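Please open the model in your viewer and keep the selection panel at hand. The tour below moves from one selection to the next and says what to look for at each stop.

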Amino acid sequence: MLFSININGERRRVDVDDDTPLLWVLRDVLGMTGTKFGCGAALCGACTVHIDGVATRSCVTPIDSVGTSQVTTIETIGETPAGARIQKAWLEREVVQCGYCQSGQIMSATALLSQNPNPSDADIDDAMSGNICRCGTYPRIRAAIKLAAQSGRQGG
Amino acid sequence: MSDVLSRSGESGPSLSRRSFLAVSSAAGSGLLLGLTLPAGRAEAASAGSFAPNAFVRIGSDGTVVLTMPYVEMGQGTYTAIPMLIAEELEIGLNDIRLEHAPPNEKLYVNPLLGVQATGNSNAVRGAWKPLREAGAAARIMLVGAAAKRWGVDPATCRAENGRVLHDASQRRLTYAELALEAASLPVPASIPLKPASAFKLIGTPAKRLDTAGKVNGTAVYGIDARPPGLKFATLAQCPVFGGRLKHVDDTAAKAVSGVRQIVRLDDAVAVVADHMGAAKKGLAALVIEWDDGPNAALSTQAIADDLGNATLKPGTVAQLIGEPDKAMAQAATRIDAIYEVPFLAHATMEPMNCTVHLRQDACDIWIGSQAVARVQAMAAKAAGLPVEKVAVHNHLIGGGFGRRLEADGAVRAVEIAKQVDGPVKVVWTREEDIQHDMYRPYWLDRISAGFDDKGRPVAWINRFAGPSVIARWLPPAFQNGLDPDSTEAAIDLPYDLPNFRVEFVRREPPGIPTAFWRSVGPSHNVFVTESFTDEMAAAVKQDAVAFRRSLLGKSPRARAVLDLAAEKAGWGAALPERHGRGVALQHAFASDLAVVAEVEVAVDGTVRVRRVVCAIDCGTVVNPDTVEAQLQGGVIFGATAALYGEVTIRQGRVEQTNFDSYQIMRMNEAPAVEVHIVKNTEPPGGIGETGTSAIVPAIANAIFAATGTRLRKMPVQANLLKAAR
C-alpha cells in the first residue's frame, strides 16, 4: 500500500504493507538508520521516535496508524529546544558508551523535558525505565537530564 | 579520504550526503570517524601522506588519521588509544580522524592475546608501549625533517601541538608542511618515551571522541551498513542446538509483499526481503518442522548434575601452595560449600547482524566485530574463497561483551549470502539473538576451607568444573589442561593462604555453545572466592572487612583499595532492618578493586541495590572519566546478572526469548555508583570488566548481611529471601 507520512517536516511516500512497523520504514525503506532496532516488542526503547511529540516505540507502530501525525526522529530532534539541550547535556556529562541505545534514550528524555521542564528523580524513573542501556549509563543519563533541565531554567 | 558521515559507497535513499553532513556539523565536533577504507582507496589516500607505521598517517593537507587496532564497543578505546598516540606525537585530540583497522593479524595484533582482537580488558595494557612508540616515532621523524630543512640539530627543536619549533631562531613548521619530507626519513631504531611526569594528556579526563555521532543518530554500526542494492534477511535457526531443518512450508511467506526469497540451510531458514518488516512477517508465516537431533532432552539440571559429578574426581591442578590436604585434615574446624553460576546471554543492544556481498571471486563483509581477522578467516572458509579475497569493513559496535569475539554470525550470513544475488543484511531478531547466543558457561565449584583453633584459615581447596572457552577460541593458550581465563581470580588470590589448591575439571556441555562474556572467568571465580571468603569470616565470627584485611600482608595495593572502599562506604555504620552492606575484593585484569554494595531486601524477597562504592587501583590511569564510566557500567552489568541473569535449557531449548524473560536492569533499579581511584604510576591495569565480576559477590554478601541467608547460586532467588529472619 502507498503511504504518505510526515517525517521530520518532510512528506515521504512509501509503498509497504499496512502493518509494517514504522521502524523498518525509517531504517530500511528510507535509510534513516539513527533509529535503532533492539527488541521488536516495545521492551527496550531503542527505536523510540516522537509522534506528535509523544515518545513512541516505532517497532510496534504500524505504518497505517501514523496518518497525518508528525514523526520526529533522532536525526532532527536537535532542532527542538529540548532536544538540543538534551544532546548538549549528553555530551557534557559524557553519557555515551557503546551508544546504540542512546538515540532512544535521547528521544525519551527529550519528550520528558518537553512536557516536564523540571523532572524529579521519580519522573525520570517513570519516563526512562522503558529504555534499556546494556552499558549501564543510567547514572549519567539521570545527571544529564538534570543538567538539561537546569540549563532550560537558565534559558540556556 | 574516507568520511563515514557521508556514508560513502552506500545508498542512503532518504538522507542525502548534504543532510548527513549538516547533522554531523551541528554536533560541533571536528572529529570525523572514518570507516575502514576499501583497499584501493586506502592506497590512494596514503599517497602524499606520511605514514611511518600502521597507526599514524599525516597528510600534506594537515589531516591526521589514526588507525585503531582495538575496537570501540563503548569502553572508550577510541579515546584512550588516541590519547596514547597524541601524547607522544604532540597533537591535540581535536581535528584528528579515526579509522577502524582492517583485518591484519601482523599489523594489528593484540600483543597480550597473540591475535587481532579486543577483549580481556587489555587494550590499554596492550597498547601502552607500542602505541606511544607509534606516536613518538612519527614525532621524531617530523622533528628530523624540520631540523634537516633548517640545517640545525634535531635536539634543538621541539614538537608542540602539531608543529615543530626551533626556539633559538623562532622558526616553526606545521606537521602538514613536514609530512612529505618526514616520509623520506628512516623510522628511528630507538624510541625514547616520556616519563609520567611529562604527560599532558594521559591522566586527564579527555572528552570521548566518539560521542557526537552517537547523540545525533549519525554514528554507523554494523547493523546500519547500506551497500547499494541491499536486501534484508532474518532467520530462524533450529531451536535445539545440533538439530536440523526437516521441512518448511513457505507458501504463505512467499505471498508476503516485499518477500523475495526463502533460503534453506541445514539447520536454519532465512527470509530475504525488501526490508526487515517484510522479512519478519515472512518468517512468521513459515511453517517449519525441525528435527531436534541428539540434544532434544537436554536440561539445565542435567548439565549441573554432570558438573557436580565431575567435581567428585580430581581435576588439573591450577595452583598448589603448601600441603592443603594435610592442613585440612589437621584443621580444628572446616566449612564446605557448593557454588554455581548459570549460563548467561550477552544481549548486546545491537542484535547480531552481518551484511555480506558475495561474488564468485570476492566477498565484502560489513560487521561490528571485536576480532575482524577471525571474521575474515572464518568467512573466507565458509565462502570457499582465499582470505585475501574477503574484505571486512568494521564498524562501531553496539555492545560487545565478548559476543563479537565470535564469527559464527558472519559464517551464518555468508551461508545465506551464497544463495542470494547481491548484498544481503542478515539481522537476528532479539529472540534469535538470545536463543542462539554462545553463552557464558555454567560453572560449579566444590570448595572447602579449614581453620586452626584460633580461627585462622589454614587450608583452602577449590575444585571447579566447566568448559574452557580458550581451548576452542585460542587453542595455543590452552596448555596442560588449563587455560588462563577459566582460572583467573580463582588462583593468585591476594590473600595469605598457606595451604591452597585449585583444580579445574574441564567439562564441555553437550549442545550448548559457550563463549567469553564480560569478565568471563572472573565473573564466576570472584563470585565463588569472595562469597566463600565472606562465609569464612562469618564462620570465625569476624567482620568481613577486618577478616580480609588480616590476610593481605603480601598485597598492599589490595589492602589500600579495601580500606578506601570501606571508609567511603561508611562500613560498620548502622543500617535499617533488612538492609545490608557486602564487600568484595578482587585482583583481576591486572587491577585491584574493592566494592561495597548496600542492598535492601523487601519482605517479599525482592532485592534492591541502593548504593555501590568502588575503590580501584588500575595503575596509571589514561582517562579517569573512562575509568569511572566503566566501573559504573560494569557494576550495573554485573548487578543485572546477579539479580536477573539466567539462561535455562528445557528440552534442549533456551527458554528465554526477549527482554521480558531475559531481564536487564533499568533506570528505576540502577544504584548510585561511586568510584574512587587510587593514583599511582604503576603500569596500567584493565578496567572494562572489573566491576562486573566484583559486584556479584558484594551483592550476595550484602544480602547475607541483611537477611542471614547465604546465596551460593546465582542469580538471586527472591523466594529464598522471603522468610528470612
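What follows is a walk through a predicted model, beginning with a whole chain and ending at a contact between chains.

**Chain B as a whole.** Select chain B and show it as a cartoon, in which 20 helices and 28 strands can be traced. Its radius of gyration is 27 Å, close to the 27 Å that the globule rule gives for 725 residues, so chain B is as compact as a globular protein of that length. Along the principal axes, the C-alpha atoms fill a box of roughly 80 × 80 × 50 Å. Of the 725 residues of this chain, 57% count as buried, and among its contacts between residues at least 6 apart in sequence, 77% join residues at least 24 apart.

**The nonpolar core.** Which members of the largest nonpolar core touch the most other members? Select B:Val595, B:Cys614, B:Ile699 and B:Ile703, which hold that place among the 279 residues of the core. Then centre the view on B:Ile703 and, leaving aside residues up to four places away in sequence, look for the residues that it touches, among them B:Gly580, B:Val599, B:Val601, B:Leu711 and B:Leu721.

**The sheet of five strands.** Next, select the open sheet of chain B whose 5 strands follow the order β14-β22-β21-β20-β15, with mixed pairing. At its edges stand β14 (316-321) and β15 (333-341), each with a single partner strand, so one side of each is left without a neighbour in the sheet. Direction ignored, neighbouring strands of this sheet are turned by 10° against each other on average. Within the sheet, β21 (457-466) and β22 (500-506) of chain B run parallel and are joined by 7 bridges; to see one pairing in detail, pick B:Ile461, whose bridge partner in β22(B) is B:Arg501. Now add helix α16 (520-539) of chain B, which packs on the sheet and touches β15, β20 (443-451) and β21, its direction making about 150° with that of β15(B).

**The sheet of three strands.** Move on to another open sheet of chain B, with the order β6-β7-β8 and antiparallel pairing. The edge strands here are β6 (157-160) and β8 (171-174), each of which pairs on one side only, and the average turn between neighbouring strands, direction ignored, is 25°. Between β6(B) and β7 (163-166) there are 4 bridges in the antiparallel sense, and B:Glu160 has B:Arg163 as its bridge partner in β7(B). Two helices of chain B can be added to this view: α5 (130-150) packs on the sheet, touching β6, β7 and β8, at about 130° to the direction of β6(B), while α6 (175-183) packs on the sheet by touching β7 and β8, at about 75° to the direction of β8(B).

**Where the chains meet.** Finally, display both chains and select the 57 residues of chain B that are in contact with 50 residues of chain A. The largest share of this side of chain B, 7 residues, comes from α19(B), and the residues of this side divide into 27 nonpolar, 19 polar and 11 charged. On the other chain, select helix α1 (22-29) of chain A and ask how many of its residues are buried. The count is 8 of 8, A:Trp24, A:Arg27 and A:Asp28 among them. What covers these buried residues includes β2 (10-15) of chain A together with β9 (231-237) and α9 (276-285) of chain B.

Methods. Residues are numbered from 1 along each chain as its sequence is written. Chains are lettered from A and ligands numbered from 1 in the order in which they are written. This is a predicted model: local features need pLDDT of at least 70, side-chain atom pairs count only at pLDDT 80 or more; totals for chains, interfaces and linings use all residues. A residue is buried if 20 or more other C-beta atoms lie within 10 Å of its own, exposed if 12 or fewer, and partly exposed in between; C-beta atoms are placed from the backbone. Two residues are in contact if their C-beta atoms, placed from the backbone, lie within 7 Å. Ala, Val, Leu, Ile, Met, Phe, Trp, Tyr, Cys and Pro count as nonpolar, Asp, Glu, Lys and Arg as charged, and the others, Gly among them, as polar. Two strands pair if DSSP finds at least two bridges between them. Axes are lines fitted to C-alpha atoms, for helices over the stretch in contact, and angles run from 0 to 180 degrees between N-to-C directions. The radius of gyration is taken over C-alpha atoms; the globule rule is 2.2 Å times the number of residues to the power 0.38. A nonpolar core is a set of buried Ala, Val, Leu, Ile, Met, Phe, Trp, Tyr and Cys residues joined through C-beta atoms within 7 Å.
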